[in-house]
Amino acid sequence: MVLTKEYRICMPITVEEYRIGQLYMIARHSYEQSTTGEGVEVIANEEVTDEVNGVGQFTEKRIHLSSHLPYWIQNIIPRVFYVTEKAWNYYPYTITVDYYYVTNCSFIPKFSVSIQTRYEDNNGTTENCLCLSEEEIEQRQVDSLDIAYDEIKPHHYKETEDPKLFKSEKTGRGPLTEGWRDTHKPIMCCYKLVNAKFEVWGLQTKVEDYVQSAIREILLLGHRQAFTWMDEWFNMTLEDVRNYEKDMQAKTNIKVKTALENAEGESQSPPPTPKSPKSPKTPKTPSTSGTPTETKSWFSWS
């Protein structure tokens with residue numbers, strides 16, 4: 001059984017504003033979180049065209065995260081562990097698929113997560129935003145996140161990134177008060193359908209629950225940052241934020257690669273070198289029933 005959750009994250013901005021804020025947040029967050037050889041390394045970032053969805057942006061990233069996993073997972077995988085994330089962003093719709101690279105760990109290919117995302121200018125009231133079947137609607141669990149009042153882990157908390165305290169100088173928005181999702185204008189909602197599947201007997205429920213919990217924390221933290229960093233990105237054009245994204249990706253790659261090279265110098269067996277990315281093709285829409293086609297994913301900020 002695939003564990004399926006639909007996360008609904010409201011934001012006190014419009015869908016058009018979110019497009020800029022999301023790109024800024026991903027680039028800055030990736031740089032800040034990339035330390036000691038772990039973090040997000042960008043392999044490709046290019047424009048693509050799809051017959052159904054039109055013109056979009058394809059990105060491929062390697063997410064190095066071994067030490068960020070809980071100990072009970074670290075005990076069953078090698079030290080070298082990273083995820084290759086491939087995302088097709090046809091704003092306001094995105095698809096993400098990821099692949100796991102480890103050494104001598106045969107069960108990992110049975111671990112898959114698929115994510116579909118769509119954005120709308122409302123407060124999370126669309127019941128079937130992602131056009132699910134009746135069976136998929138019955139299987140999903142809806143989880144509405146409140147970026148201001150849902151708790152995040154203590155080590156992620158920063159007073160400057162607290163929506164209950166932040167007030168934008170450029171827009172006058174904030175601080176967010178109790179019940180803001182019912183009264184704030186403008187408002188938009190990010191709808192994310194996350195399917196987690198781990199077909200290993202004895203660990204399936206524990207791993208699937210952990211993945212969903214980790215994704216929820218990432219989504220909550222990222223969207224808090226996108227709002228409280230608003231004054232940094234609000235006047236940017238799409239071209240401005242793409243240039244910022246390109247600059248931050250280059251800095252992040254240098255940061256991650258330098259640390260990885262230092263770590264390899266201390267190790268007898270360096271991590272395997274993955275193959276160069278092939279020309280990207282948009283995957284089929286993931287489904288909660290049956291065997292998905294190319295739907296192995298961990299998380300997506302998109």
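These are my notebook entries on a single chain, looked up in a predicted model.

**Overall picture**

I began with the secondary structure and found seven helices and eight strands in the chain. Next came burial: of the 302 residues, 53% count as buried. I then looked at how far along the sequence the contacts reach. Taking contacts between residues at least 6 apart in sequence, I found that 76% join residues at least 24 apart. The chain exposes about 15000 Å², and carbon and sulfur atoms supply 49% of that area.

**Confidence**

I checked pLDDT before going into detail. The chain averages 81, and 73% of the residues score at least 70. Two stretches went onto my caution list. Residues 99-107 have a pLDDT below 50, although in the model this stretch has 33 contacts beyond near neighbours in sequence. Residues 286-302 are also below 50, and there I noted 77 contacts beyond near neighbours in sequence. My reminder to myself: where pLDDT is low, the predicted coordinates should not be read in detail.

**Strand β1 and its partners**

I spent some time on β1, residues 3-11, where eight of the nine residues are buried. Which strands does β1 pair with? One is β8 (residues 188-198), joined to β1 by nine bridges and running antiparallel. Within that pairing, Thr4 has Asn195 as its bridge partner in β8. Another is β7 (residues 141-145), joined to β1 by five bridges and running parallel. On that side I found Ile9 opposite Leu145.

**Cysteines**

How many disulfides does the structure hold? I found zero. Cys10 is in no disulfide, and the nearest cysteine sulfur, that of Cys189, is 4.3 Å away. A disulfide needs the two sulfur atoms within 2.5 Å, so this pair does not qualify. Cys10 is buried, with a relative accessible area of 3%. Cys190 is likewise in no disulfide; for Cys190 the nearest cysteine sulfur is that of Cys189, 6.8 Å away. Cys190 is buried too, at a relative accessible area of 0%.

**Helix α5**

I tested the length of α5, which covers residues 204-228. At 1.5 Å a residue, its 25 residues should span 36 Å, and the end C-alpha atoms are 36 Å apart, so the two values agree. This helix is mostly covered, with 18 of its 25 residues buried.

**The loop between β6 and α3**

Two residues of this loop caught my eye. Thr125 sits in the loop between β6 (111-120) and α3 (134-139). Is Thr125 buried or exposed? Its relative accessible area is 52%, and the cut-off for exposed is over 50%, so Thr125 counts as exposed. I also looked up its distance to Arg8: the two are 117 residues apart along the chain, yet their C-alpha atoms are separated by 9.3 Å.

Cys131 is found in the loop between β6 and α3 as well. I flagged Cys131 for its positive phi of about 55 degrees, as it is not a glycine. Cys131 is exposed, with a relative accessible area of 64%.

**Cis peptide bonds**

Where did I find cis peptide bonds? One joins Tyr91 and Pro92, with omega about 10 degrees. Pro92 lies in the loop between β4 (81-90) and β5 (93-102). Another joins Gly174 and Pro175, with omega about -10 degrees. Pro175 belongs to the loop between β7 and α4 (180-183).

Conventions. Residues are numbered from 1 along each chain as its sequence is written. This is a predicted model: local features need pLDDT of at least 70, side-chain atom pairs count only at pLDDT 80 or more; totals for chains, interfaces and linings use all residues. Side-chain values use heavy atoms; hydrogens and water are left out. Helices (H or I, at least four residues) and strands (E, at least two) are DSSP runs, numbered from the N terminus. Buried means under 20% relative accessible area, exposed over 50%, partly exposed in between (1.4 Å probe, protein chains only). Contact means heavy atoms within 4.5 Å. Accessible areas come from the Shrake-Rupley method with a 1.4 Å probe; for residues, only the protein chains shown count as cover. Two strands pair if DSSP finds at least two bridges between them. The expected span of a helix is 1.5 Å times one less than its number of residues. pLDDT is the predictor's confidence in each residue, from 0 to 100.
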